[in-house]
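Here are my notes after a read through this one, written for a colleague with the viewer open. Follow along and turn things around as you go.

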Amino acid sequence: MAMLSSEQTEPNKFKEILLEINRIIEKDRLRAGDRLPSERELSERLQCGRSTVREALRALELLGIITTKRGEGTFLQHHTSHQLVDVLAFYILRDVKSKQDLVEMRGLMEVNAAHLAAKRITAADVDRLQHILLKMEQKIKADELPGQEDHDFHHQIVRASGNELLLRMWYPIVLYSREVRESSLKRPGRPLEALEEHLTILQALQSGHPEQAAGAMRLHLEHGDYFRE
């Protein structure tokens, strides 16, 4: 890495250090659960003081990107535990237009994910989706809200699309729109309707018809107030 310029402002230096830590994570091929280099090693590799490294690590820990275990070191967290989503949501989703744009974005992503999934879905994916729908049906019969199952169904379809970048982009989007999903499922009769729509989507996926899968997903999202023209 090139030495940080002394002419950079403090905020720019801090941002550069955070970016360099990310580059080290990528270069070392670290995954969730792996231990990061020590403060001393990071200081040497970044060519900056240990206090600056410590401050950057503290910021990453506050966002849930890393976690520190006393006597063991600092470890990379799974992206599902990040607090960054909630922090960004607080500042970004402060007006109706932003929320509507978010809902539309989720619709665009999931319709295209269904289209891809119909081409790439595996038997294991189908088994997982069927299991999710079985649990969803059981909850509905027990008069319980199947919020988690609804989330898991859509998550599995995005995974089945085989596009890792789409999955990474989808995750924060769906968390932002959590309120829309929950309010939709609370409408009288909506859980059972959603179950039937999910079954239609699954049938299209199993049949390997991308256009039908995308159309079924679009219709489902429109009925659930996720997708807007």
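The points below go through the helices, the cores, the hairpin and the salt bridges in turn.

1. A caveat to start with: this is a predicted model. Please read everything below with that in mind.

2. Let's begin with helix H11, which covers residues 210-223. Its 14 residues should span 20 Å at 1.5 Å a residue, and the end C-alpha atoms are indeed 20 Å apart, so expectation and model agree. The buried residues here are Pro210, Ala213, Ala214, Ala216, Met217, His220 and Leu221. Looking down the axis of H11, you find these buried residues within an arc of 165°, so they line one face of the helix.

3. Is His220, in that same H11 list, buried or exposed? It counts as buried, because its relative accessibility is 1% and the cut-off for buried is under 20%. What does His220 touch, once neighbours within four places in sequence are left aside? The contacts are Asp150, His154, Arg190, Ala194, Glu197, His198 and Ile201. I'd put these side chains on screen together, since the list holds two other histidines, His154 and His198, along with the acidic Asp150 and Glu197.

4. Now the nonpolar interior. The largest nonpolar core has 26 residues, and those with the most contacts inside it are Leu129, Phe153, Ile157, Ile201, Leu205 and Met217. Several helices feed into this core: H5 (96-120), H6 (123-141), H7 (147-160), H10 (190-207) and H11 each supply at least two residues. A second core of 16 residues is separate, and includes Ile24, Cys48, Ala56 and Ile65. As background, nonpolar side chains tend to be buried together in soluble globular proteins.

5. Ile201 is a handy residue for tying points 3 and 4 together. Beyond its neighbours within four places in sequence, Ile201 is in contact with Phe153, Ile157, Ala216, Met217 and His220. Phe153, Ile157 and Met217 are also among the residues with the most contacts in the largest core, while Ala216 and His220 are on the buried list of H11.

6. Helix H3 (residues 50-62) gets the same check as H11. At 1.5 Å a residue its 13 residues should span 18 Å, and the end C-alpha atoms are 18 Å apart, which agrees. Its buried residues are Val53, Ala56, Leu57 and Leu60. They cover an arc of only 100° around the axis, so they sit on the same side of H3. The general reason is that an α-helix has 3.6 residues a turn, so residues three or four places apart point the same way. Ala56 turns up again as a member of the second core.

7. What about the other side of H3? The face turned away from the buried side carries the exposed residues Ser51 and Leu62. Thr52 is in H3 too, and counts as partly exposed at 27% relative accessibility. From Thr52 to Glu39 the C-alpha distance is 9.7 Å, with their positions 13 residues apart in sequence. Just after H3, Gly64 takes a positive phi of about 80°.

8. On to the hairpin. Strand S1 (residues 66-69) and strand S2 (residues 73-76) run antiparallel and are joined by four bridges. Lys69 has Gly73 in S2 as its bridge partner. The hairpin has three residues between the strands, and Gly71 takes a positive phi near 80°.

9. Finally, the salt bridges: the count comes to 12. Please look hard at Arg106 and Glu110, whose side chains meet at 2.5 Å, N to O. The two are four residues apart in H5, so about one helical turn separates them. Arg106 counts as buried at 0% relative accessibility, and Glu110 counts as buried at 1%.

10. For contrast, take Arg45 and Glu41, where the closest N and O atoms are 3.2 Å apart. Both lie in helix H2 (residues 39-46), four residues apart, about one turn of the helix. Arg45 is partly exposed at 27%, and so is Glu41 at 34%. Elsewhere, Glu16 and Arg23 form a salt bridge of 3.4 Å, N to O, and Glu16, Glu20 and Arg23 are linked in a network of salt bridges. Arg23 is partly exposed, with a relative accessible area of 39%.

Conventions. Residues are numbered from 1 along each chain as its sequence is written. This is a predicted model: local features need pLDDT of at least 70, side-chain atom pairs count only at pLDDT 80 or more; totals for chains, interfaces and linings use all residues. Side-chain values use heavy atoms; hydrogens and water are left out. Buried means under 20% relative accessible area, exposed over 50%, partly exposed in between (1.4 Å probe, protein chains only). Contact means heavy atoms within 4.5 Å. The expected span of a helix is 1.5 Å times one less than its number of residues. The arc is that of the directions from the helix axis to the C-beta atoms. A nonpolar core is a set of buried Ala, Val, Leu, Ile, Met, Phe, Trp, Tyr and Cys residues joined through side-chain atoms within 4.5 Å. Two strands pair if DSSP finds at least two bridges between them. A salt bridge is a side-chain nitrogen of Lys or Arg within 4 Å of a carboxyl oxygen of Asp or Glu.
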